[in-house]
Amino acid sequence: MRLLITHEEIVDICKRLGFEITQNYKGKTPLVVCVLKGACPFHSELIKHIDLDLEVDYIQVSSYLGTESTGVINFKKDLEFDIAGRDIIIVEDIVDSGLTLSKLKLELQKRKPSSLKFVSLLDKPSKRKVEFKPDYVGKTIDDLFVIGFGLDLDEKYRNLKDIYVFNQD
């Protein structure tokens, strides 16, 4: 494993993103939604740096059967809040193909939120299979397999405080 992003850098990213979100949502009470499981550490750190009244919810979705995308969103855990007329911020750990989040965006737009924005700790645009761009990006990375700070390999390594490049050699 090779260290890619230290915990201190992650906190600095969260401070920057939190400041941007605070500026953009002044006078509003956004619902900040964590995409389970990987985004939990990022979501927890990010909301500490958003200086607004906000609410929190969690969602868990899948569009995969094994390693293949089905193109259909399966809600393993749906939102508890009605999002109609609300400002929604979806928090994700990493965007690579964009398939799941583009489908999630379409599904959530059907529920008529006032606004729907996406924030991702990491963005891997070189892996895009569909056009999808997060509204807020912590850091753009190359096509690397990364673990730590919520990012996993077969459910392992989520608890690492830093982010590492995983080498299978």
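**Backbone, aromatic rings and cores**

Biologist: Is Lys112 buried or exposed?

Modeller: The relative accessible area of Lys112 is 61%. With a 1.4 Å probe and protein chains only, buried means under 20%, exposed over 50% and partly exposed in between. Lys112 is therefore classed as exposed.

Biologist: What pLDDT do local features need in this model?

Modeller: Residues are numbered from 1 along each chain as its sequence is written, and side-chain values use heavy atoms, with hydrogens and water left out. This is a predicted model in which totals for chains, interfaces and linings use all residues, side-chain atom pairs count only at pLDDT 80 or more, and local features need a pLDDT of at least 70.

Biologist: What is the phi of Lys112?

Modeller: Lys112 is placed in the loop between helix H3 (99-109) and strand E6; helices (H or I, at least four residues) and strands (E, at least two) are DSSP runs numbered from the N terminus. Most residues other than glycine have a negative phi. Lys112 is not a glycine, yet its phi is positive, near 60 degrees.

Biologist: Where does Glu155, which has a positive phi of about 70 degrees, lie?

Modeller: Glu155 is not a glycine either. Its relative accessible area of 45% makes it partly exposed. Glu155 belongs to the loop between strand E8 (146-147) and E9.

Biologist: Which residues does a cis peptide bond join, with omega about 0 degrees?

Modeller: Most peptide bonds are trans. The cis bond here involves Lys37, in the loop between E2 and H2. The two residues joined are Leu36 and Lys37.

Biologist: How many residues along the sequence separate the parts tied together by the pair of Phe118 and Phe132?

Modeller: Ring centres of Phe, Tyr and Trp (its six-membered ring) must lie within 6.5 Å to pair, with planes under 30 degrees apart counted as stacked, over 60 as edge-to-face and the rest as tilted; the count comes to 3 aromatic pairs. Phe118 and Phe132 are edge-to-face, at 5.1 Å centre to centre and 85 degrees between the planes. Both are buried, Phe118 at 2% and Phe132 at 8% relative accessible area. Since Phe118 is in strand E6 (residues 115-123) and Phe132 in the loop between E6 and strand E7 (136-140), the parts tied together are 14 residues apart.

Biologist: Which residues form one aromatic cluster?

Modeller: Tyr157 and Phe166 make a tilted pair, with 5.8 Å between centres and 45 degrees between planes. Tyr157 is partly exposed at 28%, whereas Phe166 is buried at 18%. The cluster consists of Phe145, Tyr157 and Phe166.

Biologist: Which element gives the most to the largest nonpolar core?

Modeller: A nonpolar core is a set of buried Ala, Val, Leu, Ile, Met, Phe, Trp, Tyr and Cys residues joined through side-chain atoms within 4.5 Å. The largest has 27 residues, and Leu46 and Val119 are among those with the most contacts inside it. H1, E2, H2, strand E5 (87-95), E6 and strand E9 (163-165) each supply at least two of its residues. The greatest contribution, 5 residues, comes from H1.

Biologist: How many residues are in the other core, which includes Ile59 and Ile73?

Modeller: This core lies apart from the largest one. Phe118 and Phe132 are also among its members, and its residue count is 17.

Biologist: How far from Cys14 is the nearest cysteine sulfur?

Modeller: A disulfide is a pair of cysteine sulfur atoms within 2.5 Å, and the count here is 0 disulfides. Cys14 is in no disulfide, and the nearest cysteine sulfur is that of Cys34, at 12 Å.

Biologist: Why is the sulfur of Cys34 not bonded to that of Cys40?

Modeller: Cys34 is buried, at 0% relative accessibility. Its closest cysteine sulfur is in Cys40, which is too far for a bond because the distance is 3.9 Å.

Biologist: Which residues does Glu45 contact, leaving aside neighbours within four places in sequence?

Modeller: Glu45 is in helix H2 (residues 40-47) and is buried at 10%. Contact means heavy atoms within 4.5 Å. Under that criterion, the residues touched by Glu45 are Val11, Cys14 and Phe149.
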